[in-house]
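Thanks for coming. I will go through one structure today, starting with a single residue and working outwards. Please have the sequence and the model in front of you.

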Amino acid sequence: MAKIDTKKLNDGNSQQFLDLKKEDENADSVKPIVNLLGSPVTALSFDTQIKTILEWASNYESRFICVANVHMLMEAYWKSEFSLILKKADMVAPDGMPLVWMMKLMGIRQQNRVAGMDVLMELCRLATKQNISIFFLGSEESILKKMRANLKQQFPSLEIADMVSLPFRPLTPTEDEAIVQKINQSKAKLVLVSLGCPKQEIWMSEHKDKIQAVMIGLGGVFPVLAGIHKKAPLWIQNLGLEWLYRLIQEPRRLWRRYAFTIPPFLWLSVRQLVASKYQAINMLKIGEKS
């Protein structure tokens, strides 16, 4: 198991847990965030995040959105380069229930889950009403084919700009430029990316300002939409056991990830919550003395 950097955690605890962060250096608007293990997670409701995404998309703004779970936060905790990507993201949505619970314990009482599958379905539903076309990038050809059929059945009026699979190997500069041109020429306003974490987040970060659309990393959502993997029942999701449901479906691929991310996440979360409580008590004592 990777070593826990207590200095990094303590540095994070010294900051405000709910802050206002500029969307970019020259932006006038701000967005509320909460610091979770050193990563900024957007503290807005599901509906507000969807509304913001669609507003950006309607204006063909080049943005990228990370849909975060425990695995993503631990990747960012251990890898400084990946941590910088989350800090540069236009939005980091709290997908995993453990993130939502932690935000609630840190004072964001009304925070709800912004799950990848729910994001995809709501965007598809609203895209049909707002003349927004969607480009699907990544995954496998067979999965994309099943996705197209299911989407056409559920959202007959949805405008699918294109569905393009990518090879597992790195793209050549020529191939990459071709993908960028294909997306921009399609006039898609949303690009849903399924390359897996952290590959999809790195790809979106590298293509910020190259692709004139809102990019959203949706990881394992594509196989669920295709009907290959089953979505966990709502009661399992609410209990925060969706990871176990997924593990049962894909034990060989996921057991190592969960074994190496869940225990340290729990430990670091408890440390941060205890530190925040201690900090609040000290601030109260200082206030009483003054």
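Start at Thr42, which sits in strand E3, residues 39-42. Before going on, note that this is a predicted model. Is Thr42 buried or exposed? Its relative accessibility is 1%, so Thr42 counts as buried, because the limit for that class is under 20%. Which residues does Thr42 touch, once neighbours within four places in sequence are set aside? The contacts are Pro32, Ile33, Gln49, Met91, Val92, Pro94, Met103 and Gln111.

One of those contacts, Met103, takes us to helix H5, which covers residues 97-105. Met103 is among the buried residues of helix H5, together with Met97, Leu99, Val100 and Met102. Just after H5 comes Gly107, with a positive phi of about 110°.

Now the protein as a whole. It has 290 residues, and 47% of them count as buried. The secondary structure consists of 13 helices and nine strands. Take the contacts between residues at least 6 apart in sequence: 72% of these join residues at least 24 apart. The exposed surface comes to about 15,000 Å², and carbon and sulfur atoms supply 57% of that area.

Next, a residue in a loop. Ser139 lies between strand E6, residues 134-138, and helix H7, residues 141-154. With a relative accessible area of 17%, Ser139 is buried. Leaving out neighbours within four places, Ser139 is in contact with Leu144, Ser165, Leu166, Ser194 and Phe222. How far apart in space are Ser139 and Met163, C-alpha to C-alpha? The distance is 9.6 Å, for two residues that are 24 apart in sequence.

On to charged side chains. The model has 11 salt bridges, and I will show three of them.

The first pair is Arg63 and Glu61, whose side chains meet at 2.7 Å, N to O. Arg63 is buried, at 10% relative accessible area, while Glu61 is partly exposed, at 22%. This pair also belongs to a network of salt bridges that links Glu61, Arg63, Asp90 and Lys208.

The second pair is Glu75 and Lys79, with a salt bridge of 2.9 Å, N to O. Glu75 has 14% relative accessibility and counts as buried. Lys79, at 40%, counts as partly exposed.

The third pair is Lys182 and Asp162, where the closest N and O atoms are 3.6 Å apart. Where in the chain are these two partners? Lys182 is in helix H8, residues 173-186, and Asp162 is in strand E7, residues 160-164, so the pair links distant parts of the chain, 20 residues apart. Lys182 is partly exposed, with a relative accessible area of 40%.

Now three more helices. In helix H9, residues 199-206, which residues are buried? They are Gln200, Glu201, Trp203 and Met204. Viewed down the axis of H9, these buried residues fall within an arc of 160°, so they line one face of the helix.

Helix H12, residues 242-249, brings us to the surface, since it gives the largest share of a nonpolar patch, namely three residues. The patch is made by Trp235, Leu239, Leu241, Trp243, Leu244 and Ile248, and its area is about 610 Å². Leu244 is placed in helix H12. At 35% relative accessibility, Leu244 counts as partly exposed.

The last stop is helix H13, residues 251-289, where we find Thr261. Is Thr261 buried or exposed? At 6% relative accessibility, Thr261 counts as buried. A polar atom of the Thr261 side chain lies 2.7 Å from the backbone oxygen of Arg257. Setting aside neighbours within four places in sequence, the contacts of Thr261 are Val70, His71, Met74 and Trp78.

To recap with two residues from this tour: Thr42 in strand E3 is buried at 1% relative accessibility, and Thr261 in helix H13 is buried at 6%. That is the end of the walk-through.

Note on methods: Residues are numbered from 1 along each chain as its sequence is written. This is a predicted model: local features need pLDDT of at least 70, side-chain atom pairs count only at pLDDT 80 or more; totals for chains, interfaces and linings use all residues. Side-chain values use heavy atoms; hydrogens and water are left out. Helices (H or I, at least four residues) and strands (E, at least two) are DSSP runs, numbered from the N terminus. Buried means under 20% relative accessible area, exposed over 50%, partly exposed in between (1.4 Å probe, protein chains only). A polar contact is a pair of N or O atoms within 3.5 Å; within protein, one must be able to donate a hydrogen and the other to accept it, and residues adjacent in sequence count only if both atoms are side-chain atoms. Contact means heavy atoms within 4.5 Å. The arc is that of the directions from the helix axis to the C-beta atoms. Patches are made of residues with over 30% relative accessible area and no salt bridge: like charges are joined within 9 Å, nonpolar side chains (Val, Leu, Ile, Met, Phe, Trp, Tyr) within 5 Å. Accessible areas come from the Shrake-Rupley method with a 1.4 Å probe; for residues, only the protein chains shown count as cover. A salt bridge is a side-chain nitrogen of Lys or Arg within 4 Å of a carboxyl oxygen of Asp or Glu.
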